[in-house]
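Q: I would like to learn how to read a model of this kind, feature by feature. Please give the general idea each time, then the case at hand.

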Amino acid sequence: MDKKIAVIKGDGIGPEIVSEAIKVLDRIAEKYGHTFEYDQLLMGGCSIDAYGVPLTDETIERCKAADAVLMGSIGGNTTTSPWYKLPPDRRPEAGLLKIRKSLGLFANLRPAVLYPQLAGACPLKEEISSRGFDLLIMRELTGGLYFGERKTEEINGVMTAVDTLSYNENEIRRIAIKAFDVAMKRRKKVTSVDKANVLDSSRLWRKVINEVAADYPEVTVEHMLVDNSAMQLVKDPAQFDVLVTENMFGDILSDEASMITGSIGMLASASMNETKFGLYEPSGGSAPDIAGQNKANPIATILSAAMLLRYSFDMQAEADDVENAVNAVLNDNIRTGDIMSEGMKLVSCSEMGSCIAEKI
Ligand code: IPM
Ligand code: MG
């Protein structure tokens, strides 16, 4: 198959980790007889430096013209980087929010799996980590607090800031359907996370989830308050299959979920629209402190490329191949610094990419 992939390497460790994912994709193309054409684009801080804005209209158009988007990470050190002296709508993160909205990427899939080989890196007690876990956070990505009306103004001499958490039933229904569809391919359990004891938006969320659940009689559905969910994730993560939740709750819980896998450098993510089109990126950030040192863990980006093959290109065997290669390299005790432990072999970012490519 011939496919066009828009590539946004971004800032910080982005260029290093994406280069390793491309190494792996090229190996897949060679083995399976595909042609992947890459369109390199700028977004985030590097786009501010080149064009004065974190995301240009041309970049959006070229992403739309591709079959999928592979991304690294954007942003820099928020206290020292000059990018953070700019008004909020011109900073690197504004580019990320704009591309999500412009491409209609409302469904963000963040799988969190505890690899048995890395159980030692899991910060939970052994009695919990020994049970392992394999969950997926389905985060709503283009609504809620992130995109509601916001303003800061002086009212009667007092500075006041407002952010709005708003959802309509259509926005909730389409993410609910995605969650139930994914659950059907997994262990058929959906936990819907909300704050329905306080928020109107959560009460509507719960109602619509129940309506959609009626179409999926095989799926067990439960509702859990977000504060309790945060607690349950560290107490008994094995209880979860698919968690579906609004944008901000999903942002917070997905960092928590990544932490209990041992390293954020292991977590892939996919952001999808209604079609097979998606943007694939590691869940971690740009890690400016280790950028340019060939130290970063490229596995999350490589696993994101596997998700790209699976969800956007329907290449199941190829995606399995990449995931198995990652497993095989971990079995060989090869580790980057973030997942290093005694007796393992420490490798650089590019060495890790090569080891994985060689297993394919
Ligand atoms: C994420 C990040 C972004 C978010 C930031 C960088 C705007 O934390 O993808 O989880 O909050 O969505
Ligand atoms: Mg986040």
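The dialogue below takes up domains, a ligand site, helices and phi angles in turn.

Q: What should be settled before reading any value?
A: This is a predicted model, in which local features need pLDDT of at least 70, side-chain atom pairs count only at pLDDT 80 or more, and totals for chains, interfaces and linings use all residues. Residues are numbered from 1 along each chain as its sequence is written, chains are lettered from A and ligands numbered from 1 in the order in which they are written, and side-chain values use heavy atoms, with hydrogens and water left out.

Q: Which domains does the protein have?
A: Domain bounds come from an automatic or database domain assignment. Here the assignment gives domain 1 as 1-105 + 268-360 and domain 2 as 123-260. Their C-alpha centres are 25 Å apart. Domain 1 supplies 9 residues to the contact and domain 2 supplies 7 residues, where contact means heavy atoms within 4.5 Å.

Q: Which residues are around ligand 1?
A: A residue is near a molecule if one of its heavy atoms lies within 4 Å of it. For ligand 1 these are Glu93, Arg100, Arg110, Arg139, Tyr146 and Asp251. Sorted by class, the shell holds 1 nonpolar residue, no polar ones and 5 charged. In this scheme Ala, Val, Leu, Ile, Met, Phe, Trp, Tyr, Cys and Pro count as nonpolar, Asp, Glu, Lys and Arg as charged, and the others, Gly among them, as polar.

Q: Which polar side-chain atoms lie 2.8 Å from an oxygen atom of ligand 1?
A: The general test for a polar contact is a pair of N or O atoms within 3.5 Å. Arg100 places a polar side-chain atom 2.8 Å from a ligand 1 oxygen, and so does Arg110, also at 2.8 Å. For Arg139, an N or O atom of the side chain is 2.8 Å from an oxygen of ligand 1. Ligand 1 taken alone exposes 320 Å², and the protein buries 75% of that; the areas come from the Shrake-Rupley method with a 1.4 Å probe.

Q: Which residues of helix H4 are buried?
A: Helices are DSSP runs of H or I with at least four residues, strands are runs of E with at least two, and both are numbered from the N terminus. Buried means under 20% relative accessible area, exposed over 50%, and partly exposed in between (1.4 Å probe, protein chains only). In H4, residues 92-102, the buried ones are Pro92, Ala94, Gly95, Leu96, Ile99 and Arg100.

Q: Is Val212 buried or exposed?
A: Val212 counts as buried because its relative accessibility is 4%. Val212 belongs to helix H7, residues 200-213. Beyond neighbours within four places in sequence, Val212 contacts Arg173, Ala176, Ile177 and Phe180.

Q: Which residues does Ser229 touch?
A: Ser229, in helix H8 (residues 226-235), touches Val193, Met224 and Leu253, leaving out residues up to four places away in sequence. Ser229 is buried, because its relative accessibility is 0%.

Q: Why look at the sign of phi?
A: Most residues other than glycine have a negative phi. Ala287 has a positive phi, near 40 degrees, and sits in the loop between strand S12 (278-282) and helix H10 (299-312). Asn333 also has a positive phi, near 65 degrees, in the loop between helix H11 (316-331) and strand S13 (334-335). Ala287 is partly exposed at 24% relative accessible area, and Asn333 is partly exposed at 33%.

Conventions
Polar contact = N/O pair within 3.5 Å; in protein donor to acceptor, adjacent residues only side chain to side chain.
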